[in-house]
Amino acid sequence: MYVRPFVITLLSCALAACGDSGRADDSASATTPVSTTTSAASTTVDAPTSSTTTDALTGTTSTAATTSTTDEPTGTTAANSTSTTLTTTVDPSTSTTSPDFCDPQAVADTTAFTYVKKFDTGIPDMVLQASFYNGDADEVMIMSFSGKARRFTTDGTPKGDVIDVPPEALPQLDGATYDAKQQRGLLINQSCILNEVDPVTLAVLEPPQQLGFGMSICAGLALGLDDNLYIASYGTDELVVLSRDGMTEIRRVDMPGQVGLTGFDGIALIAGSENFLVMSTAPDARAAIIDPLGAVVVPATKLGLAEAPLLGGAPMLPDAVLTLCGNGHAWLCEAYDATCFDYAPDDGDKDACGCLIPQ
């Protein structure tokens, strides 16, 4: 999201899809605040019952699961008879099981989300721009453009008071994600400076890193299953993929040409999938689902309509998009308000946090 250097009103934002592209001709816009530039958790399972089988020699338990998928063009749901096996290890001391692995190919890809509810975050700086889901703690961190943050449970209940984002990640905070492998939050601002932080306190863990590669107005961040950084470069209308250390360019995707999105302003890895939910805010708010190479899985559509990928209610101007691997939901927040919107996956809730750890 991009913020103009002069004061604007919420009404004018609503009428004009306000924001600034950062380009010389100022022809595009992104979600923007008011005065600069914008834009696996382990699962405990009861001890094996008669519905499972246990190998006494190896101490492993096998269970079968059946998934279903949604036919996007017709909006109908078709049963998928594919049966997948998850191997778990029994801990005799606790009589619980925990996943040894999670195969993302064994989890049905979510291709549509339906609006459930919205809630007030109580964050005083009502320009919500960045968020991530901490799968290890099963909680969400929501942050504002100017540096206010708060933790929430997965139903939107605050877990603590409002705290400050570290100054190293400011000004113009505009994207975040969670690294489940290293158990830390990753924050990015519009100057494309990356910070690695404690996911609960937001204390900086590494020196800030200035990312290069010609990106302009970094406005969204995700970490792929390939352990690469996926960055929304709003100023160049590109998805830029970098190695996790930020030192090597992997690929670039022309978002208007390849995906049909201009004003690329947000990205989140979909729980249990290698695909990404991507957002635009200019000239209007749209969403699409793409794969890691930028191929379209679900075409871009306006928010708030009865069309995938996001059906039903929607923020006037969305930002701080994330997905929750603990239940598979997606959240979008208002760029000019303190509210967030909860969407449930059309293929049903799922705990896919184990699938989001890059291998």
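**Exercise 1. The disulfide of Cys333 and Cys340**

Determine the handedness of the disulfide between Cys333 and Cys340 from the torsion about its S-S bond.

*Solution.* The torsion about the S-S bond of Cys333 and Cys340 is about 95 degrees, so this disulfide is right-handed. The model under study is a predicted one. In it, the sulfur atoms of Cys333 and Cys340 lie 2.0 Å apart. A distance within 2.5 Å is what a disulfide requires. As to their surroundings, Cys333 and Cys340 are both buried.

**Exercise 2. The other disulfides**

State how many disulfides the structure holds, and describe the links of Cys192 with Cys218 and of Cys325 with Cys353.

*Solution.* Step 1: recall the chemistry. A disulfide is a covalent bond that connects the sulfur atoms of two cysteines.

Step 2: count. The structure has three disulfides.

Step 3: take Cys192 and Cys218, whose S to S distance is 2.1 Å. Because the torsion about their S-S bond is about 100 degrees, the disulfide is right-handed. The pair links distant parts of the chain, 26 residues apart: Cys192 belongs to the loop between strands E11 (184-189) and E12 (193-197), while Cys218 belongs to strand E14 (residues 218-223). Cys192 and Cys218 are both buried.

Step 4: take Cys325 and Cys353, with sulfur atoms 2.1 Å apart. The angle about their S-S bond is 90 degrees, and the link is right-handed. Here, too, distant parts of the chain are linked, 28 residues apart: Cys325 is in the loop between strand E23 (318-323) and strand E24 (330-334), and Cys353 is in the segment after strand E25 (339-345). Both cysteines, Cys325 and Cys353, are buried.

**Exercise 3. Strands and their pairing**

Describe the open sheet that contains E6, E7, E8 and E9, and then the hairpin of E18 and E19.

*Solution.* Step 1: place the strands in context. The chain contains two helices and 25 strands.

Step 2: order the open sheet. Its four strands follow the order E6-E7-E8-E9, and their pairing is antiparallel. Strand E6 (128-134) and strand E9 (163-164) are the edge strands, each pairing on one side only.

Step 3: examine one pairing in this sheet. Strand E8 (residues 148-152) and E9 run antiparallel and are joined by two bridges. Lys148 stands opposite Asp164 in E9.

Step 4: turn to the hairpin. E18 and E19 have six residues between them, and Gly272 in the turn has a positive phi of about 80 degrees. Five bridges join E18 to strand E19 (residues 276-280), and the two run antiparallel. Ala268 faces Leu277 in E19. Strand E18 (residues 264-269) is mostly covered, since six of its six residues are buried.

**Exercise 4. The nonpolar cores**

Identify which members of the largest nonpolar core touch the most other members, and which element gives the most to this core.

*Solution.* Step 1: consider the general tendency. In soluble globular proteins, nonpolar side chains tend to be buried together.

Step 2: consider the whole chain. Of its 359 residues, 52% count as buried.

Step 3: name the central members. The largest nonpolar core has 35 residues, and those that touch the most other members are Ile142, Leu239, Met255, Ile267, Phe276, Val278 and Trp331. E18 gives the most to this core, with three residues.

Step 4: separate the other core. Apart from the largest core lies another, of 19 residues, including Ala268, Met279, Leu303 and Phe341.

**Exercise 5. Aromatic pairs**

State how many aromatic pairs there are, and classify the pairs of Phe119 with Trp331 and of Tyr230 with Phe276.

*Solution.* Step 1: count. There are six aromatic pairs in the structure.

Step 2: classify Phe119 and Trp331. Their ring centres are 5.0 Å apart, with 65 degrees between the planes, and the pair is edge-to-face. It links distant parts of the chain, with Phe119 in strand E5 (residues 113-120) and Trp331 in strand E24, 212 residues apart.

Step 3: judge burial. A residue is buried under 20% relative accessible area. Phe119 has 10% and is therefore buried; Trp331, at 0%, is buried as well.

Step 4: classify Tyr230 and Phe276. Their ring centres lie 4.4 Å apart and the planes stand at 35 degrees, so the pair is tilted. Tyr230 lies in strand E15 (residues 228-233) and Phe276 in strand E19, so the pair ties together parts 46 residues apart in sequence. Tyr230 and Phe276 are both buried.

Technical notes: Residues are numbered from 1 along each chain as its sequence is written. This is a predicted model: local features need pLDDT of at least 70, side-chain atom pairs count only at pLDDT 80 or more; totals for chains, interfaces and linings use all residues. Side-chain values use heavy atoms; hydrogens and water are left out. Buried means under 20% relative accessible area, exposed over 50%, partly exposed in between (1.4 Å probe, protein chains only). Two strands pair if DSSP finds at least two bridges between them. A nonpolar core is a set of buried Ala, Val, Leu, Ile, Met, Phe, Trp, Tyr and Cys residues joined through side-chain atoms within 4.5 Å. Rings of Phe, Tyr and Trp (its six-membered ring) pair if their centres lie within 6.5 Å; planes under 30 degrees apart count as stacked, over 60 as edge-to-face and the rest as tilted.
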